[in-house]
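Have a look at the chain below and turn it around a few times before you read on. Then we'll walk through it together, one part at a time.

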Amino acid sequence: MSLPNTPLLTVDCVVFDGTNRVLLIRRKNPPFKGIYALPGGFVDIGETAEAACRREMREETGVRVARLRLIGVYSDPKRDPRGHTCSVAYLAGTWRGNPEAADDASAVEWVTGWRRASLAFDHRRIIADAARLRAAQPEQHAG
């Protein structure tokens, strides 16, 4: 049986600190080179979306996340200029480590003014959805 031609599966991870700053990377590679983005990337074959989220966060920022809460699925065919991707986005409830850029990130930083910053892909929408979820359900965690 031949496999269908489908969107590529990706993950994005939102982490807030105690002062409502969000952890963002600056992309090392196109598209959106040098622009703020959420840590994330492609899900590997044989990997769950949750495991991919934890791996990408660790690879790009050095931060380890434990509890994950589903923010949503973002599937607009135009969200990525490279082609159709479908992202599963998570809110990290707990994290540890000192952020340090690596892998696909040229920098990593806690950003206060993310609403005004230039962000890659549809990441402004994802962060806004995460902030609403966090405010509405501060105690619920999954993953």
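We'll take the sheet, then the helices, then a leucine and some charged side chains. Keep in mind that this is a predicted model.

Let's begin with the sheet. Strands in a sheet pair up through backbone hydrogen bonds, and they can do that in a parallel or an antiparallel way. Here, four strands make an open sheet, and if you read across it you get the order 4-1-7-6, with mixed pairing. Which strands stand at the edges? They are strand 4 (40-42) and strand 6 (68-74); each has a single partner strand, so one side of each has no neighbour in the sheet. From one strand to the next, the twist averages 20 degrees.

Now zoom in on strand 1 (residues 8-14) and strand 7 (residues 85-92). These two run in the parallel sense and are paired over seven bridges. If you'd like one spot to find on screen, try cysteine 13: its bridge partner in strand 7 is tyrosine 90.

The sheet has helices packed on it, too. Helix 1 (residues 49-61) touches strand 1, strand 4, strand 6 and strand 7, and its direction makes about 60 degrees with that of strand 1. Helix 2 (residues 123-136) also packs on the sheet, touching strand 1, strand 6 and strand 7. Compare its direction with that of strand 6 and you get about 140 degrees.

Next, follow the chain to leucine 119, which sits in the loop between strand 9 (105-111) and helix 2. Is this leucine buried or exposed? With a relative accessible area of 11%, leucine 119 falls under the 20% cut-off, so it counts as buried. What is it touching? Setting aside neighbours within four places in sequence, leucine 119 is in contact with Leu24, Ile35, Tyr36, Trp114, Arg124 and Ile127. Here's a nice example of folding at work: leucine 119 and alanine 37 are 82 residues apart in sequence, yet their C-alpha atoms are 5.6 Å apart in space.

Finally, the charged side chains. The model has 10 salt bridges, and arginine 79 is a good one to start with. Its side chain meets that of aspartate 12 in a salt bridge, 3.4 Å from N to O. Arginine 79 is in the loop between strand 6 and strand 7, while aspartate 12 is in strand 1, so the pair ties together parts 67 residues apart in sequence. Both ends are buried: arginine 79 has a relative accessible area of 7%, and aspartate 12 has 6%.

Arginine 79 also forms a salt bridge with aspartate 122, where the closest N and O atoms are 2.7 Å apart. Aspartate 122 lies in the loop between strand 9 and helix 2, so this pair links distant parts of the chain, 43 residues apart. Aspartate 122 is buried as well, at 15% relative accessible area.

For a local pair, go back to helix 1. There, glutamate 59 and arginine 55 are four residues apart, about one turn of the helix. They form a salt bridge, with the closest N and O atoms 3.3 Å apart. How exposed are they? Glutamate 59 is partly exposed at 31%, whereas arginine 55 is buried at 12%. This pair belongs to a network as well: salt bridges with shared partners join Asp44, Glu47, Arg55, Glu56 and Glu59.

Conventions
Residues numbered from 1 in each chain as written. Predicted model: local features only at pLDDT ≥ 70, side-chain atom pairs only at ≥ 80, totals over all residues. Heavy atoms only, no water. Pairing = 2+ DSSP bridges. Axes fitted to C-alpha atoms, helices over the stretch in contact; angles between N-to-C directions. Contact = heavy atoms within 4.5 Å. Buried < 20%, exposed > 50% of the residue type's maximum accessible area, 1.4 Å probe, protein only. Salt bridge = Lys/Arg side-chain N within 4 Å of Asp/Glu carboxyl O.
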